[in-house]
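Biologist: Could you walk me through this one slowly? I'd like to know where the words come from.

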Amino acid sequence: MNENVPASFADVKLEASCRVPLLALFGGAAVWLVVSSALALIASLNFHMPEKFAHCAWLTYGRVFPAANDALLYGFCVPAGIGVAIWILSQLGRAPLRDPLVPVFAANLWHLGVLVGLIEILSGNTTGFDWLEFQRGGSVLLFFAYLLLAAWAMMVFTARRERALQPPHWFLIAALFWFPWVYATANLFLVAWPVRGIAQSVIALWFANNFIFVWLSLIGLGTAFYFFPRLIGRPLQAVHYALFAFWSLILFGTFCGIPHTAPVPAWMPTLSSVGGGMFVVLLLTVTIVEVRTVWGFIKSKWDNGPFCFIGSGADCFVISLLMMIALACPAFDRTAGFTWFTQAQLQLQIYGFFAMTMFGAIYYLLPRAVDLKFPFPKLVAAHYWMSLIGIVLLVLPLAIGGIEQGLKLDNAKIAFPEIMNLSLMYLRVSTVGICFILIGNLLFALNVFVMTCVWKMALLKKILPAINAPLETSEVKS
Amino acid sequence: MSDETQNNIQQPVWHIGVVFFAACFLFAALAAAVKFSVKTPAIDADRDAALAKSLAEIRQTEEVALKYPGWVDQPRGIVRLPIDMAMQIAAREWQNPDTARKDLISREEKLNAPAPKNAAPKANPFE
């Protein structure tokens, strides 16, 4: 597909059908992204300036860190992912989104759920399970809002006019079902009817892996496999490898994520390691598809915008996968398992891969959906470089610091406080990285908000004359 | 626009949304089925029964010890006697104080005699 081709009436209708739901989803996502970065900055500052926030319980690490993680994952990643998935399904199938007010309602319900959940976390009421900290009130709102959004995405998929299925379809449709499955099961077995003993930690680890790794990868790879051909202007190469990537992610991804340091029966981490090792297939196939599709077009398509964001996101996915495969090796996991290395891998997966891919997709699709240009186009490039520098400064020190920390923890001659002091330098650098990311996210939010305001003003200008127009005499009489 | 395309546009798809809702609730229903079909007793459900059983065992042991004679250390001739029986034996034995005293001293010596030395313990093959 060539973006220089003038849009037909059908294309304009397609874009217009998604306009308001996408603005509702992405507008809220931009807010939560900034909130998440600000909370992450406070959490990071807690390590080297603990006295600054000690007087306020709301800003202590135990509350701010999970709030930052959940604001990023539930506040930004899910609405952005669902919005992009709806748009891609609509474009691939040439089918407009019907009854768009329902997804708008669902988007607002989702953001309300995130707000309720975050207030609960910051006030100290969490479930205590990583990545599932929202209490029942927030969780129920999120679940129903997701079902509404995903149901409308399924309806767009069913009404498609182009009947042939393409690689993005596999990934996105699987993702639509994946989230309700893992979220409902984890919430029921951990919060509603808590199971006993080690089953709790196993379910919590299973949920975290299936959400952060499998769900984000399904949406992210589906998006990348749609946008690479669209941005470059030639079909996705090595499609059969994409099928391999899909099935290896589905089959092996679901039983990974249990580290060797987890207090569970030994067969569980062993099985998890086998699954992690099989990710070599996923790594190779994704790399082959990306390289064969993009190779030769990098210089000509370099735009400091959507192509760069999605390309960097795919590269981060490959590096994150390599780190995950390394953590699946028992010898390395015993050294790096309880260190900052795991946090580096998580941040690379969530922010480096998923968020970057979503930024690229949003920068591409939002001007088309709203039929307006971004008000500050130069800020897109600034956002890209800020995010890239931020990711490098966040992930690299945590990864190196984590390995050093693990090696020193294995040495009984080095005192524990000494090891903690050594990791402070790496934490300070990662705090600088978070600052870059926060600035980048502010630029993104600024572009989205000003564009939304411009669209609303234009809409108001269209509506006002109709409201102010004098009633015709016949209407007055009647 | 072809007829097929036109049909696809007008084709109602709301039932797909309903089916998706139902499919997602199926996950929750499966979790509920697992929860209610697998009966796991509460951790302290049998606490009262276990306490009552232990108490009954203690009472039975005490009753045997209080009411019936038994060996405490058979090689040294030490027995456990109910108090009534011990008083009757003492009253009968002490009818003749000299014999009773001698018997008492001999029994006391037997009681305090050093324990026979055991054979040297076998070497641990694993050490």
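Modeller: Sure, let's start with A:V116, which is partly exposed.

Biologist: Why is A:V116 called partly exposed?

Modeller: Buried takes 20 or more other C-beta atoms (placed from the backbone) within 10 Å of a residue's own, exposed takes 12 or fewer, and partly exposed is in between. A:V116 has 19, so partly exposed is the label.

Biologist: What should I know about the model itself?

Modeller: It's predicted: local features need pLDDT of at least 70, side-chain atom pairs count only at pLDDT 80 or more, and totals for chains, interfaces and linings use all residues. Residues are numbered from 1 along each chain as its sequence is written, while chains are lettered from A and ligands numbered from 1 in the order in which they are written.

Biologist: Which residues does A:V116 contact, leaving aside neighbours within four places in sequence?

Modeller: A:G137, A:G138 and A:L141; contact means C-beta atoms, placed from the backbone, within 7 Å.

Biologist: How do you know that the length of α16 in chain A makes sense?

Modeller: The expected span is 1.5 Å times one less than the number of residues. With 53 residues that gives 78 Å, and the end C-alpha atoms are 73 Å apart, which agrees. There's also a kink of about 30° centred on A:M425, the bend being the angle between axes fitted to the seven residues ending there and the seven starting there.

Biologist: How many residues of chain B are in contact with chain A?

Modeller: 16, meeting 17 residues of chain A. Helix α2 of chain B gives the most to that side, with eleven residues.

How values were computed: Helix = DSSP H or I, 4+ residues; strand = E, 2+ residues; numbered from the N terminus. Contact = placed C-beta atoms within 7 Å.
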